[in-house]
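Here are some friendly notes to read beside the structure. Keep the viewer open and look for each residue as it comes up.

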Amino acid sequence: MWKSKGSENYIFYYHENSYAEKDIDKVIEIQENCYDYICQVMGEKPKIKLKYFLCNSPEEVGEMYGDNEPCNGFTKMPNEIYAVYNRNIKCIGYHEDAHVISYNSLSRPPINFIRQGLAMYFDKTWWGVSNFAWTLYFFQNRRLPKLEDLMDNSSFHKYSYAVTYPVSGAFTEYLISTFGIESYKKLYSNINDDFSVCVRSVFGESLIQIENNFIKYLKSISVSNSVFSIIETELKEKGLFDKV
Ligand SMILES: [Zn+2]
């Protein structure tokens, strides 16, 4: 049995005596702030309220998804978010809300890298380290995949999420700051089978040209070696160091 509490733009569902119930007012405040920021940046606002289900464990989220594969959060069209909220995992913030808000106000693009990119653009960080620091780390260590590869849904899944997620966020931030939010929204809403044609018609440049300029931009960012050490430690602790 779910308990529920409504706010201006959400209905939150949670279990009795859970961490979510204890923190519900704080969660509402954080999500409403995220919602306002996302809508302000996008210049869009969904017409329906978001339903946010705060689950006790990754296993419960997996059950709700239907494949029983433990996971921290997912969205279900048109307006539902399922996320873990317990003592150790608090899957709240921008990510899932950015998905639902963009799907409802623009569209749900068929390319995973593009969908995750917008959500990660709002997150700004991956495991507490900026998307750009991760991307520069992968570039300097010759582990940065080609954008063309990442845009292909089947090869996207060949790479670790520790690569694809922060890189998608950094690249999306580059696109938005370079070409402006309106052009970006045009791309996001109009992607069809021929992605390279869409890119050229919206931005006036090929994906390769944009990638080259993105790399030039990336190379001029300075990141402390201590941050790179944190990245290596995270990858090693999570058993991903040899997989990225
Ligand atoms: Zn996502």
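Is Trp 126 buried or exposed, and how many other C-beta atoms lie within 10 Å? Please bear in mind that this is a predicted model.

1. Let us start with that tryptophan. Trp 126 has 23 other C-beta atoms within 10 Å. A residue counts as buried when that number is 20 or more, so Trp 126 is buried. You will find Trp 126 in strand E6, which covers residues 125–126. Leaving aside residues up to four places away in sequence, Trp 126 touches Asn 131, Trp 134, Tyr 165 and Pro 166. Asp 242 is 116 residues from Trp 126 in sequence, and their C-alpha atoms are 18 Å apart.

2. Now try Ser 130, in strand E7 (residues 129–130). Ser 130 is partly exposed, with 18 other C-beta atoms within 10 Å. Not counting residues up to four places away in sequence, Ser 130 touches Lys 124 and Thr 125. Ala 170 makes a nice example of chain distance against distance in space: Ser 130 and Ala 170 are 40 residues apart along the chain, yet 8.5 Å separate their C-alpha atoms.

3. Lys 124 is worth a second look, as this residue comes just after helix H4 and takes a positive phi of about 70 degrees. What span should the twelve residues of H4 have at 1.5 Å a residue? The expected value is 16 Å, and the end C-alpha atoms of H4 are 16 Å apart, which agrees. H4 is also mostly covered, with ten of its twelve residues buried. Among them are Phe 113, Arg 115, Leu 118, Met 120 and Phe 122.

4. Compare that with helix H9 (residues 181–189), where the buried residues are Tyr 184, Lys 185 and Tyr 188. Looking down the axis of H9, you will see these buried residues fall within an arc of 100 degrees, so they line one face of the helix. The general idea is that an α-helix has 3.6 residues a turn, so residues three or four places apart point the same way. What do the buried residues of H9 pack against? Their partners are helices H3 (95–105), H4 (112–123) and H8 (161–179).

5. Step back to the whole chain, which is divided into domain 1 (3–105) and domain 2 (112–243). The centres of domain 1 and domain 2, taken over C-alpha atoms, are 24 Å apart. Nine residues from domain 1 and seven residues from domain 2 make up the contact. On the domain 1 side, helix H1 (19–42) and H3 each supply at least two residues. The largest share of that side comes from H3, with four residues. Sorted by class, the domain 1 side has four nonpolar, five polar and no charged residues.

6. Finally, look for the largest nonpolar core, which has 54 residues. Which of them touch the most other members? They are Ile 38, Leu 54, Ala 83 and Val 167. H8 gives the most to this core, with eight residues. Both domain 1 and domain 2 give residues to this core, so the core lies between them. As a general point, nonpolar side chains tend to be buried together in soluble globular proteins. To explore one member, select Ile 38: beyond residues up to four places away in sequence, Ile 38 touches Tyr 94, Asp 97, Ala 98, Ile 101 and Phe 122. You have already met Phe 122, as one of the buried residues of H4.

Conventions
Residues are numbered from 1 along each chain as its sequence is written. This is a predicted model: local features need pLDDT of at least 70, side-chain atom pairs count only at pLDDT 80 or more; totals for chains, interfaces and linings use all residues. The arc is that of the directions from the helix axis to the C-beta atoms. Two residues are in contact if their C-beta atoms, placed from the backbone, lie within 7 Å. Domain bounds come from an automatic or database domain assignment. Ala, Val, Leu, Ile, Met, Phe, Trp, Tyr, Cys and Pro count as nonpolar, Asp, Glu, Lys and Arg as charged, and the others, Gly among them, as polar. The expected span of a helix is 1.5 Å times one less than its number of residues. A nonpolar core is a set of buried Ala, Val, Leu, Ile, Met, Phe, Trp, Tyr and Cys residues joined through C-beta atoms within 7 Å.
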